[in-house]
Amino acid sequence: MIYLDHNATTPLDRRVLEAMMPYLENGWGNPSSPYRFGNRSRGAVERARGRIAECAGCAPEEIVFTSCGTESDNLALRGVALALRPKGNHIVTTAIEHHAVLATCRALEAEGFRVTRLPVDADGVVDLGRLERALSPGTILISVMHANNETGVIEPVGEIARLARERGICLHTDAVQTAGKLPQPIGALGADLVSFSGHKIYGPKGSGGLFIRRNTPLRPVLTGGLQENGFRAGTENVAAIVGLAEAYVLAAETAREESGRLRGLRDRLEAGVLSSIPKATVNGAAAGRIPNTTNISFESVDGESVVLGLDLEGICISTGSACSTGEPEPSHVLTAMGLSPKQAQGSVRISLGKSTREQDVDAAVEALARTVVRLRSISSV
Amino acid sequence: MVTPPDEETAGQAQYSGPVLFYNDTVIDHFTNPRNVGELPEDETDGYGLVGDPACGDQMKLWVSIRFGRIEKIAFKSYGCPGAIATSSMLTDLAKGKTVAEAGRITDDDVVEALGGIPERKKHCSLLGVLALKAALEDWARRRGAGEGAPA
């Protein structure tokens with residue numbers, strides 16, 4: 001099997017599994033227990049926090065562990081909204097966020113918050129001028145993702161952070177597709193809150209975290225015990241936390257060279273597709289993108305049919321995000337970029353990773369060409 | 001290259017709930033759709049073009065009718081695997097049937113003939129049924145206008 005869907009999830013790195021095993025087998029004590037057996041689990045959790053903080057360029061107490069990127073997004077949005085409700089009720093986000101942010105904003109809207117969803121340009125980048133104009137004295141939170149999961153397009157989080165800071169507005173960014181993958185430490189992005197996840201960087205599913213800059217107003221969403229500095233109640237998933245830290249450190253160590261390698265492979269893939277398949281377009285190509293991702297539209301064919309065609313040849317790619325598979329609606333990200341529903345429906349996402357080699361990319365290009373030609377011969381449009 | 005888990009533990013083995021994935025019959029009709037193509041103008045007695053507003057899928061269907069039976073049928077479909085497979089199966093079911101019999105084919109018949117399709121794809125099966133209905137209505141219209149073949 002050739003796996004080219006690393007933005008959906010990644011395999012567990014063998015070294016991560018090995019780091020986790022002691023806490024699944026013998027070190028199962030509760031980190032909050034008063035005896036030494038519990039203390040050892042506490043030590044493992046705090047060591048993990050320190051290791052991630054070092055990679056993230058922040059203080060250990062600025063890292064809170066969660067169960068996934070979605071929970072981190074929920075904690076950031078709901079946590080700030082709850083804490084700052086007396087100050088204002090306006091939230092600014094974009095039309096291209098992950099469902100974890102979009103659906104949470106919808107839920108907050110139902111609770112009386114006002115949400116502005118900023119459009120993006122044809123390359124998928126949010127317009128800073130429009131963002132600035134959307135801000136008002138009642139704006140309490142801005143949430144703009146670092147890189148889009150479907151297109152890989154990178155948003156100008158640094159510039160947005162400057163606008164937010166000038167006005168004392170909290171900034172959250174979903175960095176699930178960049179944390180540990182891009183060389184830039186998440187603590188240096190300029191955002192007050194940064195979501196990240198373990199399973200996108202060869203860590204375990206069910207692991208995630210949120211960077212919370214010191215003094216950021218935040219109320220917990222999961223209430224209960226005082227774990228995680230009072231920001232997230234519940235007994236810590238020690239093995240997952242240890243795995244997340246191991247995965248993060250391993251990813252950060254190789255982020256620079258791996259980014260360069262993946263960029264080369266991605267460019268090879270795009271060049272191969274564009275030269276062998278007519279009427280194919282790379283979405284977001286003119287924008288800055290994370291190096292492992294490409295999103296391609298094929299005229300007159302349906303993306304899901306392309307995905308199944310490749311699946312039958314042993315190659316895993318996807319349409320849009322894994323989360324929206326099952327929805328008949330075309331990608332909200334691509335339609336926000338101005339693609340027609342038909343163009344959006346004819347799009348696939350290919351995301352490369354550690355196991356990807358040149359021959360995998362070449363095999364994918366050949367399989368795509370075969371599949372698209374066949375589907376076009378069936379197509380009524 | 002990545003090594004996936006055993007086939008035994010993957011997919012729908014040992015699961016008896018609602019259909020989640022495309023079965024082998026659906027995949028066969030997706031990979032080798034039956035009756036794909038167009039009928040030439042002089043062989044076409046009825047033509048139907050329908051789109052599914054729910055997902056943007058589209059199907060064109062041609063029928064050639066001799067002595068009240070669908071002698072030839074051809075289709076082209078734009079859409080997901082569910083749309084292609086149900087289109088293909090629909091043409092298989094309709095071929096050789098009398099106009100009256102073909103008119104009674106339902107979307108459930110198509111799904112049943114395929115051995116089931118995922119719940120979220122059930123609406124796809126309507127595409128073929130509607131295209132066939134449109135083609136048969138076109139045939140009736142042409143016949144009424146005295147342009148059709150004798151039935």
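**Nonpolar cores, helix α2 of chain A and the strands of chain B**

In this predicted model, the largest nonpolar core comprises 80 residues, and those with the most contacts inside it are A:L141, A:V194, A:F211, A:I241, A:V242 and A:Y248. The greatest contribution to this core comes from helix α7 of chain A (residues 238-276), which supplies 13 residues. Because domain 1 (2-7 + 255-374) and domain 2 (14-251) of chain A both give residues to this core, the core lies between them. The surroundings of one core residue may be described in detail: leaving aside residues up to four places away in sequence, A:V194 touches A:T173, A:A175, A:I186, A:L189, A:L210 and A:F211. A second, separate core contains 62 residues, including A:V301, A:I317, A:V348 and B:L136. In soluble globular proteins, nonpolar side chains tend to be buried together.

Helix α2 of chain A (residues 36-56) is formed by 21 residues. The distance from its first C-alpha to its last is 30 Å, close to the 30 Å expected at 1.5 Å a residue. Within α2(A), the residues A:S41, A:A44, A:V45, A:A48, A:R49, A:I52, A:C55 and A:A56 are buried. These residues lie on the same side of α2(A), because they cover an arc of only 130° around the axis. The packing partners of the buried residues of α2(A) are α1 (14-25), β2 (63-66), β8 (208-212) and α7 of chain A. After α2(A) comes A:G57, which has a positive phi near 70°.

Chain B contains 5 helices and 3 strands, and its elements follow the order α-β-β-β-α-α-α-α from the N terminus on. Of its 151 residues, 40% count as buried. Among the contacts in chain B with a separation of 6 or more, 66% are between residues 24 or more positions apart.

The strands of chain B were examined in turn. Strand β1 (residues 46-52) runs antiparallel to β2(B), to which it is joined by 7 bridges; B:D52 has B:D57 of β2(B) as its bridge partner. Strand β2 of chain B (residues 57-66) is largely enclosed by the rest of the structure, because 8 of its 10 residues are buried. β2(B) also pairs with strand β3 of chain B (residues 69-78), in the antiparallel sense and over 9 bridges. In this pairing, B:W62 stands opposite B:A74 of β3(B). The hairpin of β2(B) and β3(B) has 2 residues between the strands, and B:F67 in this hairpin adopts a positive phi near 50°.

Terms used
Residues numbered from 1 in each chain as written. Chains lettered and ligands numbered in written order. Core = buried A, V, L, I, M, F, W, Y, C linked by C-beta atoms within 7 Å. Buried ≥ 20, exposed ≤ 12 C-beta atoms within 10 Å, placed from the backbone. Helix = DSSP H or I, 4+ residues; strand = E, 2+ residues; numbered from the N terminus. Domains from an automatic or database assignment. Contact = placed C-beta atoms within 7 Å. Expected span 1.5 Å × (residues − 1). Arc of directions from axis to C-beta. Pairing = 2+ DSSP bridges.
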